[in-house]
Amino acid sequence: MSRVKDNAHKELLDMTALAPAILAAMPGPLVVIDADNDILHANAAAENFFQASAKALARMGLAAIAPPDSPLYRALEVARTSSASVNEYDLEVGTPRTGGARLVDVRVAALPDVPGALVVQFSPRSLAEKIDRQLSHASAARTVAGLAAMLAHEIKNPLSGIRGAAQLIAPQLNEGDEELARLIMDEADRIRALVEEMEALGEERPRPYAPLNIHTVLDHVKKLAEAGFAAGIPIREAYDPSLPEVLGDRDRLVQCFMNLMKNAAEAIIESDRPGVMEISTAYRPGVRVAQPGGELLALPLEVCVRNTGPAVPDDLLPLIFEPFVSGKPSGRGLGLALVAKVVRDHGGVVECDREGEWTVFRVRLPVHGG
Ligand SMILES: Nc1ncnc2c1ncn2[C@@H]1O[C@H](COP(=O)(O)OP(=O)(O)OP(=O)(O)O)[C@@H](O)[C@H]1O
Ligand SMILES: [Mg+2]
């Protein structure tokens, strides 16, 4: 009995002693601040990133990391008042005294035992990612929206005329010419499908949203995948069954997750090696992102589509959510542009990450009534 107690005590002591070493070993910059925003600790990665020793950072204070009008301070306040962890994306930190401005994602978490104290973690981002995010979320779909809607309308009518005419004359033609008529019809069908996809990308009309369980959407897409484009590829499920409902458009969400799973399957097939796909859901109450207006939006619902296989090429990564960007010989580059649009229309965000051997597409959505 006393042995157990001694061991527990020992573990606690060791962990306390190890804490500075653990902080020092963490690869990402991290600072601990108190209720007055004074810097209590900066790990080695933070010293490196801000080009100043922990002591110098403590002396200069948080103002040397973020100017007073930085959205960082709002995130700190929200983390303090809500005692939840807060994510703020695409923030500039660093002043001329600390290596200059750089783009980061910030995660702020309250230290439960020390009132007002916070752990602030920085994930440096590249400029390319900044451009990617801005394009994918703000303008990727919108830039082609007007053009797509207009073109779709203008193309579809004459196209059905061309197709109809080819269909009419086909029976009167000899064998070789009939084949040509069939070619016209097939190509017309292909253009129509392309135009309809562009039309979906440009659609600005609000559609009826209803509360739905995202798992019914995922189950449906998984069945379609297994019966068709992902036949033979194992698809694992890791669902959080208690996930709350999302307010959404079922058809558009089906399209969105279908496009992600199609890409996952295509990446596995292209790699010519056995691969696995995984669909997971999770509830992450602490996840919040800053809206362009400055408001913080809770996006606790997480759906990930992952696959083993080759990573998205580095030069393509900042652009994959753009329309007509494709790394495939016959790809149209519309799949992810539509994903970005559907997710944005649902008030969410989508990101692509590489985690070990996995390519991960992570969709974060708000909950219904949340
Ligand atoms: N899971 C993935 N693994 C590796 N690369 C990916 C993955 N998903 C997307 N990509 C890359 O991103 C590019 C853009 O994807 P997107 O779905 O927008 O277009 P596409 O698949 O090429 O064509 P479309 O979906 O219109 O038929 C792909 O061509 C591919 O290079
Ligand atoms: Mg695709």
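**Exercise 1. Start at the end of helix 9: find the residue with positive phi that follows this helix, then work out how well the helix is covered.**

Step 1. Helix 9 is followed by Gly347, and the phi of Gly347 is positive, near 80°. Keep in mind as you go that this is a predicted model.

Step 2. Now go back into the helix, which takes in residues 335-345. Nine of its eleven residues are buried, so "mostly covered" is a fair label, given that a residue is buried if 20 or more other C-beta atoms lie within 10 Å of its own.

Step 3. Put names to them: the buried set is Gly335, Leu336, Ala337, Leu338, Val339, Ala340, Lys341, Val342 and Val343. Notice that Lys341 is on that list too.

**Exercise 2. Take Val342 and explain why it counts as buried.**

Step 1. Place the residue: Val342 lies in helix 9.

Step 2. Count neighbours. Val342 has 26 C-beta neighbours inside 10 Å, and that is why it counts as buried.

Step 3. Look at who it touches. Leaving out residues up to four places away in sequence, Val342 is in contact with Arg252, Leu253, Gln255 and Cys256.

Step 4. Check one pair in detail. Leu253 and Val342 are 89 residues apart in sequence, yet their C-alpha atoms are 6.9 Å apart in space.

**Exercise 3. Check the length of helix 8, then see which residue follows it.**

Step 1. Helix 8 has 22 residues, and at 1.5 Å a residue these should span 32 Å.

Step 2. Its end C-alpha atoms are 32 Å apart, so the span agrees with the expectation.

Step 3. Step past the end of helix 8 and you meet Asp272, with a positive phi near 65°.

Step 4. Try the same check on helix 6 (residues 175-202): its 28 residues reach 41 Å from first C-alpha to last, close to the 40 Å expected. The buried residues in helix 6 are Ala188, Glu197, Met198, Leu201 and Gly202.

**Exercise 4. Describe the shell around ligand 1: which residues come nearest, and which helix gives the most?**

Step 1. There are 21 residues around ligand 1, and Ser326, Gly327, Gly331, Gly335 and Leu336 come nearest.

Step 2. Sort the shell by class and you get nine nonpolar, ten polar and two charged residues.

Step 3. Ask about helices. Helix 8 (250-271) and helix 9 each supply at least two residues of the shell, and helix 8 gives the most, with four.

**Exercise 5. Lay out the sheet with strand order 7-9-12-14-13 and find the helices that pack on it.**

Step 1. This is an open sheet of five strands with mixed pairing. Strand 7 (235-238) and strand 13 (349-355) are the edge strands, each pairing on one side only. Its neighbouring strands are turned by 15° against each other on average, direction ignored.

Step 2. Zoom in on one edge. Strand 13 pairs with strand 14 (residues 358-365) in the antiparallel sense over seven bridges, and Val350 stands opposite Val363 in strand 14.

Step 3. Add the helices. Helix 8 packs on the sheet and touches strand 9, strand 12 and strand 14, with its direction at about 20° to that of strand 12. Helix 7 (residues 214-227) lies across strand 7, strand 9 (277-283) and strand 12 (301-308), and runs at about 180° to strand 9.

**Exercise 6. Do the same for the sheet with strand order 2-1-5-4-3.**

Step 1. Here too the sheet is open and has five strands, but the pairing is antiparallel. Strand 2 (39-42) and strand 3 stand at the edges with a single partner strand each, so one side of each has no neighbour in the sheet. On average, neighbouring strands are turned by 25° against each other, direction ignored.

Step 2. Trace the pairs. Strand 3 (residues 86-93) and strand 4 (residues 102-110) run antiparallel over six bridges, with Leu103 in strand 4 as the bridge partner of Glu92. Strand 4 is then joined to strand 5 (residues 118-124) by seven bridges, again antiparallel. In strand 5, Val120 stands opposite Val108, and Leu118 is the bridge partner of Ala110.

Step 3. Finish with the helix: helix 4 (residues 71-82) lies across strand 3, strand 4 and strand 5, at about 160° to strand 3.

Definitions and conventions:
Residues numbered from 1 in each chain as written. Chains lettered and ligands numbered in written order. Predicted model: local features only at pLDDT ≥ 70, side-chain atom pairs only at ≥ 80, totals over all residues. Buried ≥ 20, exposed ≤ 12 C-beta atoms within 10 Å, placed from the backbone. Near = placed C-beta within 6 Å. Nonpolar A, V, L, I, M, F, W, Y, C, P; charged D, E, K, R; others polar. Expected span 1.5 Å × (residues − 1). Pairing = 2+ DSSP bridges. Axes fitted to C-alpha atoms, helices over the stretch in contact; angles between N-to-C directions. Contact = placed C-beta atoms within 7 Å.
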